[in-house]
Structures are given as C-alpha cells and as structure tokens.
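I opened this notebook to record, entry by entry, what I looked up in the structure. The entries follow the order in which I took up each place.

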Amino acid sequence: MTYLDYQATTPLASEALAAMLPWLESQHANPHSPHREGRRAKAAVEVARDQVAALLPPGGRIAFTSGATEALNWAIKGTTGPLVTLATEHAAVLDTVAAEAARGRQVTVLPLGPDGVVDLDVARAAIFPGTGLVAAMLVNNEIGVVQPIAALVDLAHSAGALMLCDAVQGYGRVPIPDTVDLIAISAHKIHGPKGIGALWIRDGIDLAPLLHGGGQEAPGRSGTLSPALCAGFGVAAKLMAARSTEDAAHVDRLKSLALDRLGPDWIVNGSIEHRYNGNLNVRRDGLDVNRLMSDLRDIAFSAGSACASGSGRSSHVLRAIGLAEAQARASIRLGFGRYTTETELCGAIDAIVAAAEGQWP
C-alpha cells in the first residue's frame with residue numbers, strides 16, 4: 001500500500017509511539033492526582049506541553065483538547081460578537097459558525113476566487129469595528145492553499161477583533177504569525193497520535209468554557225488528560241522542529257516529481273504560488289474518480305476531506321473557488337510527507353496516470 005493521504009492523517013512516528021508505550025503499559029496514574037505517581041504523570045504532561053509550545057508563538061498558554069475540532073469549537077463558542085470566516089474553512093469551523101448563526105450571532109462567510117486566497121479588500125470591508133472574531137485556516141486541508149494570516153490579523157486587530165488561526169495542516173510546516181490570538185492544532189497531522197489536539201490562547205484572553213467539570217486545564221478545559229497521548233504529541237512536535245528543514249526539502253522534491261509525472265492533462269486546483277507543497281489537489285476533466293479509486297485499491301488517496309467522505313457531496317472547498325460540480329467531482333487530493341519515498345510516489349503517480357488514461361478509449 002502506498003499512502004498518499006497525509007492531510008487526513010499522518011503515519012505515527014516510531015519515536016512518538018515509544019514515548020507513549022510506558023504510559024499505556026505500566027504508568028497509569030491520573031496526572032491530576034496529588035500523590036507521587038500522579039505528579040510523575042503530570043510532569044510528563046508538562047514536558048509535552050513545552051514541546052508543543054516550542055512551535056507556537058511566545059506569550060500564550062496551551063490547553064490540551066481531544067482534537068482540533070474541540071479546540072475550534074471552544075475558540076468560536078467561547079468568544080462573542082460578530083464573526084467573520086472564509087468559505088473554504090474546515091467543517092469544524094463552518095458548522096460551528098452555522099450553529100452560532102442559528103443562535104442569533106452575526107456571521108459573515110467570505111467568498112474566495114479561483115486561487116483560493118482571500119481577497120484582503122473583501123475581508124477589510126467585512127471586518128468592521130465591533131467584530132468579535134475572525135477565523136481562518138493557515139493551510140487549507142483540501143487544496144493546500146496558504147492564507148495571508150498576518151494581514152488578516154492586522155485587519156482583525158484594527159477592528160478590535162480576535163484572530164483564530166486553524167493551524168492543523170500548517171503547524172510545524174508553515175510559520176504561524178506571532179500576532180494571532182488563538183491557534184488550533186492536532187497531533188495526528190504531525191505524526192502523533194489521534195485523540196489529542198490543543199488550543200493555544202494568547203495571555204490576557206479569557207474564553208468561556210466549552211466543557212464544564214473539573215477545570216483540569218488552567219485556561220478552562222475540563223477532562224482528565226491522557227499522559228500517553230500528551231507524550232506522543234510532545235515527541236511528534238519535537239521531531240517536527242528538529243526535522244523541519246529536512247522534511248521541507250523532501251516534500252519539495254516529492255511535489256516536483258509528482259507534477260512532472262502527472263503531466264499537462266492534470267490541473268492543480270488553487271494557487272500554485274501560495275500553497276504547502278505536500279498537498280496536491282489536481283483534476284482531469286471528465287475523470288471518474290470513483291472508478292479510479294476502485295481500480296487503485298493499493299494506493300491511499302482522497303477525493304476530498306476525510307470528514308466529508310461518504311456524504312455524497314462534492315468538495316465545498318472546490319465549489320467555493322469556482323469549480324463546476326463536474327470539475328469538483330473529477331478532482332483528487334494527493335498528500336505526502338516525511339515517510340513517503342520517491343520510488344513509491346513515482347510508482348503511485350504512474351499508476352494513477354495509467355488508470356486515468358484507461359478511462360478514455
């Protein structure tokens with residue numbers, strides 16, 4: 001099996017697994033208990049917190065969560081005032097925004113052009129004084145487009161609003177501006193375990209709690225933390241920092257190889273210039289993607305977000321950047337990274353191209 005679905009989830013790093021195993025096998029104390037073993041567990045959590053924080057701006061605090069979905073829900077529901085976001089955001093943002101709108105909160109969802117990058121003039125007109133929160137994704141999970149987060153922060157702050165950055169796909173890969181106010185991240189997108197994420201909250205910002213209970217995490221998140229998941233997240237973050245240059249160079253090579261082998265019949269969806277190179281969303285007009293995936297069962301790739309698979313809907317992101325329904329349904333997403341070899345990528349691309357060619361007599 002060749003795995004090309006890194007935006008859905010990344011392979012677990014062996015170092016992260018090794019960090020987790022002791023806490024799964026023999027060290028079972030609750031990190032919120034005051035006895036010696038509880039304090040040992042808490043110490044492991046705090047080491048992980050520091051490792052995760054090393055890739056985030058200074059001047060904030062981290063609350064571990066069950067994942068980025070919880071972190072985004074908390075950031076949006078924990079703030080007040082009119083809300084501005086983008087039409088290509090993840091469902092965890094758009095569905096939460098819709099729920100807030102149903103409760104009477106004023107919401108503006110900004111359209112985007114064919115490149116998938118927000119028009120700052122359009123954003124400026126929508127982010128008016130009194131806006132409470134602006135929410136935007138750093139790297140889009142479906143098309144890899146990088147948004148001008150620093151410029152959006154400036155617009156938000158000029159209007160007195162907070163800026164939430166969904167950095168799930170960009171954390172450890174694309175710089176996060178120091179000026180953002182809230183950052184959501186996820187462990188399993190950086191070769192860590194599933195089931196844990198975090199919300200970074202700038203000092204001085206207080207959010208209304210999403211979950212009520214023991215308040216175990218100081219910023220206001222309730223629930224018992226898993227030292228195993230925290231340890232795996234921390235080591236994965238440490239590896240992202242240590243391998244950043246190597247990983248980036250590897251991904252750049254893979255992207256060039258993929259585009260060369262795909263050839264001129266395939267069109268890249270979204271901006272070529274403003275994108276993370278480990279995400280290639282491409283289309284070949286007239287392609288039957290369901291047939292392609294059925295023919296290539298030994299290659300794991302995607303027709304869009306894993307969160308929307310099985311819904312029967314085409315990608316809302318591709319529709320938002322102006323693709324017709326047929327074009328959106330003729331698109332595939334290829335995601336690769338640290339553990340993808342050049343040989344397996346080339347073999348997979350050749351197989352995709354050959355299977356696609358076989359659909360035309």
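Entry on the second pocket. I began with the second largest pocket, where helix α8, spanning residues 244-262, gives the most to the lining, contributing five residues. The model I am reading is a predicted one. I noted that 23 residues line this pocket, and that Gly170, Gly172, Arg173, Val174 and Ser244 are those lying nearest its centre. For the space inside the second largest pocket I wrote down about 370 Å³.

Entry on Arg283. I next turned to Arg283, which I found in strand β10, made of residues 279-283. Is Arg283 buried or exposed? I can call Arg283 buried because its relative accessible area is 12%, and the cut-off for that word is under 20%. I then looked at its side chain, which is joined to the side chain of Asn269 by a polar contact of 2.6 Å. Setting aside residues up to four places away in sequence, I listed what Arg283 touches: Asp265, Trp266, Ile267 and Asn269, and also Leu323, Gln327, Ala330 and Ser331.

Entry on Arg284 and Leu287. I looked for a charge over a ring and noted that Arg284 lies over the face of Trp360, at 4.4 Å from the ring centre. Trp360 came up again when I moved on to Leu287, a residue of the loop between β10 and α9 (289-295). Leaving aside neighbours within four places in sequence, I found Leu287 in contact with Trp266, Leu292, Arg329, Ala330, Ala356, Gln359 and Trp360. Gln359 stands 72 residues from Leu287 along the chain, yet I read a separation of 7.5 Å between their C-alpha atoms. I entered Leu287 as buried, because its relative accessibility is 6%.

Entry on Arg297. I followed the chain to the loop between α9 and β11 (299-300), where Arg297 has its place. Arg297 counts as exposed because its relative accessible area comes to 64%, the cut-off being over 50%. Which side chain does the side chain of Arg297 meet in a polar contact? I found that of Ser294, with the contact at 3.2 Å. I also checked Arg297 against Glu100, 197 residues away along the chain, and their C-alpha atoms are separated by 40 Å.

Entry on the aromatic pairs. I searched the whole structure for aromatic pairs and obtained two. Tyr3 and Tyr6 form a pair that is tilted, with 5.8 Å from centre to centre and 45° between the planes. I looked up how far each is covered: Tyr3 counts as partly exposed at 25% relative accessibility, whereas Tyr6, with a relative accessible area of 4%, is buried.

Entry on His191. I checked the backbone of His191 and noted a positive phi of about 70°, although this residue is not a glycine. I located His191 in the loop between β7 (182-186) and β8 (197-202). I recorded His191 as buried, because its relative accessible area is 2%.

Entry on Thr69. I closed with Thr69, which lies in helix α3, residues 68-77. Thr69 is partly exposed, with a relative accessible area of 47%. I compared its place with that of Leu199, which is 130 residues away along the chain, and read 10.0 Å between the two C-alpha atoms.

Technical notes. Residues numbered from 1 in each chain as written. Predicted model: local features only at pLDDT ≥ 70, side-chain atom pairs only at ≥ 80, totals over all residues. Heavy atoms only, no water. Phe/Tyr/Trp six-rings, centres within 6.5 Å; stacked < 30°, edge-to-face > 60°. Buried < 20%, exposed > 50% of the residue type's maximum accessible area, 1.4 Å probe, protein only. Lys NZ or Arg CZ within 6 Å of the ring centre and 35° of its normal. Helix = DSSP H or I, 4+ residues; strand = E, 2+ residues; numbered from the N terminus. Polar contact = N/O pair within 3.5 Å; in protein donor to acceptor, adjacent residues only side chain to side chain. Contact = heavy atoms within 4.5 Å. 1 Å grid on protein atoms, 1.4 Å probe; cavity = no way out; pocket = protein on both sides within 12 Å on 5 of 7 lines; lining within 4 Å. Points joined across faces, edges and corners; volume = space filled by probe spheres on them.
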